[in-house]
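Work through the following exercises with the sequence and the three-dimensional model at hand. Try each task before you read its solution.

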Amino acid sequence: MSPEDKVQRGEEAKAILESPLFVEAFDTIEREVIEEIKKCPVRDIEGLSKLHLMLGLNSRLRLHFEALIQSGELAKRTLASRIAGKSRMAG
């Protein structure tokens, strides 16, 4: 994937991650799953395991978007360095 593609994906990921609807959805899911965990009987090992899995997947999805943003920012710096290097060579 080209640096330009990484920059674009990073910008798209940032827009999604900062979207009020996305923030609301993630916060709602997290809050609801935590409430279900609190209500779940300790003896319900399978139910607790599924709820913890849901909570973990919610976090992993958010982390994936954050990684895309970081990758895009790194690609942006790489492109800026290349441009600066070419202008120094030309000047």
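**Exercise 1. Find the residue with which K50 forms a salt bridge, and describe where the two partners lie.**

Solution. Since this is a predicted model, the distances below are computed from its atoms. The partner of K50 is E46, and the closest N and O atoms of this salt bridge are 3.3 Å apart, which is within the 4 Å that the criterion allows. Next, locate the two residues: K50 and E46 both belong to helix α3, where they are 4 residues apart, about one turn of the helix. An α-helix has 3.6 residues a turn, so residues three or four places apart point the same way. Finally, consider the surroundings of E46, which counts as exposed because its relative accessibility is 55% and the limit for exposed is over 50%.

**Exercise 2. State how many salt bridges a search of the whole structure finds, and examine the ones formed by E11 and by D27.**

Solution. The search of the whole structure gives 5 salt bridges. One of them joins E11 to K76, with the closest N and O atoms 3.6 Å apart. E11 lies in helix α1 (residues 3-18) and K76 in helix α3 (residues 45-90), so this salt bridge ties together parts that are 65 residues apart in sequence. As for accessibility, E11 counts as partly exposed at 45%, and K76 counts as partly exposed at 43%.

Now turn to D27, which forms a salt bridge with R62, the closest N and O atoms being 3.8 Å apart. This pair also links distant parts of the chain, because D27 is in helix α2 and R62 in helix α3, 35 residues apart. D27 is partly exposed, with a relative accessibility of 34%, and R62 is partly exposed as well, with a relative accessible area of 23%.

**Exercise 3. Compare the span of helix α2 with the expected value, and decide how its buried residues are arranged around the axis.**

Solution. Begin with the length: helix α2 covers residues 20-39, which makes 20 residues, and it reaches 28 Å from its first C-alpha to its last, close to the 28 Å expected at 1.5 Å a residue. Then list the buried residues of α2, which are F22, F26, V33 and I37. Seen down the axis of α2, these buried residues fall within an arc of 45 degrees, so they line one face of the helix. On the other side of α2, the residues P20, L21, K38 and K39 are exposed.

**Exercise 4. Describe the 2 aromatic pairs that the structure holds.**

Solution. A pair of aromatic rings is described by the distance of the centres and the angle of the planes. Of the 2 aromatic pairs in the structure, one is formed by F22 and F26, whose rings are 4.3 Å apart centre to centre, with 40 degrees between the planes, and this pair is tilted. Both residues lie in helix α2, 4 residues apart, about one turn of the helix, and both F22 and F26 are buried.

The other pair consists of F22 and F65, with 5.3 Å centre to centre and 65 degrees between the planes, and this pair is edge-to-face. It links distant parts of the chain, with F22 in helix α2 and F65 in helix α3, 43 residues apart, and both of these residues are buried. As a last step, put the pairs together: F22, F26 and F65 form one aromatic cluster.

**Exercise 5. Decide whether N58 is buried or exposed, and name the residues that N58 touches beyond four places away in sequence.**

Solution. Place N58 in helix α3, and then look at its relative accessible area of 7%, which means that N58 is buried, since the limit for buried is under 20%. Not counting residues up to four places away in sequence, N58 touches F26, I29 and E30.

**Exercise 6. Find how far apart the C-alpha atoms are in the pairs E12 with L68 and S71 with G10.**

Solution. E12 is in helix α1, and its C-alpha atom is separated by 8.9 Å from that of L68, although the two residues are 56 residues apart along the chain. S71 is in helix α3, and its C-alpha atom is separated by 6.6 Å from that of G10, 61 residues apart along the chain. E12 counts as partly exposed at 42% relative accessibility, and S71 counts as partly exposed at 28%.

Note on methods: Residues are numbered from 1 along each chain as its sequence is written. This is a predicted model: local features need pLDDT of at least 70, side-chain atom pairs count only at pLDDT 80 or more; totals for chains, interfaces and linings use all residues. Side-chain values use heavy atoms; hydrogens and water are left out. The expected span of a helix is 1.5 Å times one less than its number of residues. Buried means under 20% relative accessible area, exposed over 50%, partly exposed in between (1.4 Å probe, protein chains only). The arc is that of the directions from the helix axis to the C-beta atoms. A salt bridge is a side-chain nitrogen of Lys or Arg within 4 Å of a carboxyl oxygen of Asp or Glu. Rings of Phe, Tyr and Trp (its six-membered ring) pair if their centres lie within 6.5 Å; planes under 30 degrees apart count as stacked, over 60 as edge-to-face and the rest as tilted. Contact means heavy atoms within 4.5 Å.
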